[in-house]
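Hi everyone, thanks for making time for this. I'd like to walk you through one structure today, so please have the sequence and the model up on your screens.

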Amino acid sequence: LQQILAQPARCRELEGLLESEPSFVDEAPDPRELPDRPLRLFLSAAEDSGEIHAANLARALRAECAALGLPAPELFGFGGDRMEAADVELLARPVDHAAMGIGAALGKISYFSGLLKTAARTFKDRAPDVFAPVDSPALHVPLARIAKKHGTDTVHFVAPQYWGWAPWRVKGYAKAVHTALTILPFEPAWFAETGVHTEHVGHPLLDALSDVPATRPGPDSEDLVLLPGSRASVIDLNLPWMLERVAPLVSEGAKVVVLQDSSKHGGRIRNHVLNSSIEGEVKVKTGDLHAHLAAARTAFSVSGTILLDLLHHRLPTVVIYRLESGLAWIRPRLLNTPHFSSTNLLAGREVLPEFGFSGAGPKSEVERALQTAHEDDAWRAECLAGQDEAARRLGPPGATIRAARAILRRAQGALGGPS
């Protein structure tokens, strides 16, 4: 109840920070203060999206050590196939056990209990110079406490979004983590008031997008693309509802495409399309996501990191966040942000129409927003200007190499040099 009563004040506080401008940290460590032995670095990722960044971080750490004339580091820890492919010695594979939902997570308590024991033995026996987990605070904050107990500092890549959902957790986080690497421009100012030491590195997704041509809808762009999420449960919750909302535009001739970066859920998506009222008018395309986005005119998307891909292509987008019924009352009352979509948070205002709801939801409002986004040229031009501002404030690519340098500086400090 106390957290619910405090929510309006926290929301106003964060709203005032959304205009902050970050300074990117890009100083390299001094190789004279680093040992001539290989550094021992414990990396960890707990789920798919975090593992992408962790594997890239492993490569960046090797590249940075080579550039500084240091021996190749010993990289070991927790992850999955991507980290293994990046030559990280895996001690456990939590990515293979990643679960969504309370019921699934409860079934894996014994596995994660064993994971904590494995980590404790590793911190004791191998004495890593730095523990560098990526995202996933539910696992990595307990691991950071274990690391601290054994004298290892933690540099956490992708600081948790406590500013949005759970600010009361930040006190424990500050005690467990030496440095949090922030990725959004307003985060350093928020964490500065909480006792957490941060370095701002920027968003790692921009590194993945650095080789993807940035586009904006052209005069021949016509597709309305639906992005219903990448997890089975999210697709099942959202896609049928989304298909019905675009039906009025289909009746006016709009061309609708459901997109997925992977073919993993292709069959599931096609079944939802076949069971919709517009099944003969919708295409499903998997793979080559950015080629399809570059040819699109408008997007209809669930909230998530996919919004940064859409921002890269300056696609006018209507965003939804549909809640499971059991969470419908409590989550909005604990949300501390004026917006939930990343583009709007970056811009500090509602550039993209966003709708958070459960159950039947605001059907007519969403349909009107989709029609405006797809057909109103004046609104689209205004949306584009807002997206340009959001992209500017997000900053440049290079987050992963900046994160690697921050980790090496912490190793330098832990070994007695300046940090």
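I'll talk about two sheets, then a ring pair, then a pocket. Please keep in mind that this is a predicted model.

Let's begin with the sheet whose strands run in the order β3-β2-β1-β4-β5-β6-β7. Seven strands form this open sheet, and their pairing is parallel. As a reminder for the non-structural people, strands of a sheet pair through backbone hydrogen bonds, either parallel or antiparallel. Which strands sit at the edges here? They are β3, residues 89-92, and β7, residues 198-200, and each of them pairs on one side only. Going from one strand to the next, the twist averages 25°.

If you zoom in on β1, residues 40-44, you'll see it run parallel to β4, residues 130-133, with four bridges joining the two. To find your way, look for Leu41, whose bridge partner in β4 is Val130. Then there is a helix to look at: α2, residues 48-67, lies across β1, β2 and β5, and runs at about 165° to β1.

Now scroll along to the other sheet. Six strands make up this open sheet, ordered β10-β9-β8-β11-β12-β13, and again the pairing is parallel. Its edge strands are β10 (282-286) and β13 (354-358), each pairing on one side only. Neighbouring strands are turned by 25° against each other on average, ignoring direction.

Here, my favourite place to look is β11, residues 296-302, which runs parallel to β12, residues 317-323; four bridges join them. Val302 stands opposite Ile320 of β12. And which helix lies across β11 and β12? That is α17, residues 363-375, which also lies across β8 and β13 and runs at about 155° to β11.

On to the aromatics. The model has twelve aromatic pairs, counting rings whose centres lie within 6.5 Å. One of them is Trp163 with Phe186: the ring centres are 4.8 Å apart and the planes stand at 85°, so this pair is edge-to-face. The two residues are 23 apart in the chain, with Trp163 in the loop between β5 and α7 and Phe186 in the loop between β6 and α8. The pair therefore links distant parts of the chain.

Last stop, the second largest pocket, which holds about 190 Å³ of space. Its lining has 13 residues, and those nearest the centre are Leu206, His312, Arg314, Ala391 and Gly395. Helices α9 (205-209), α14 (306-312) and α18 (377-394) each give two or more residues to that lining. Which of the elements gives the largest share? It's α14, with three residues. As for chemistry, the lining divides into nine nonpolar, three polar and one charged residue.

That's my tour, and I'm happy to take questions.

Notes: Residues are numbered from 1 along each chain as its sequence is written. This is a predicted model: local features need pLDDT of at least 70, side-chain atom pairs count only at pLDDT 80 or more; totals for chains, interfaces and linings use all residues. Side-chain values use heavy atoms; hydrogens and water are left out. On a 1 Å grid over the protein atoms alone, a cavity is a set of points where a 1.4 Å probe fits but cannot get out, and a pocket is an open set with protein on both sides within 12 Å along at least five of seven lines; lining residues have an atom within 4 Å of a point. Grid points are joined across faces, edges and corners, and a volume is the space filled by probe spheres set on the points. Ala, Val, Leu, Ile, Met, Phe, Trp, Tyr, Cys and Pro count as nonpolar, Asp, Glu, Lys and Arg as charged, and the others, Gly among them, as polar. Two strands pair if DSSP finds at least two bridges between them. Axes are lines fitted to C-alpha atoms, for helices over the stretch in contact, and angles run from 0 to 180 degrees between N-to-C directions. Contact means heavy atoms within 4.5 Å. Rings of Phe, Tyr and Trp (its six-membered ring) pair if their centres lie within 6.5 Å; planes under 30 degrees apart count as stacked, over 60 as edge-to-face and the rest as tilted.
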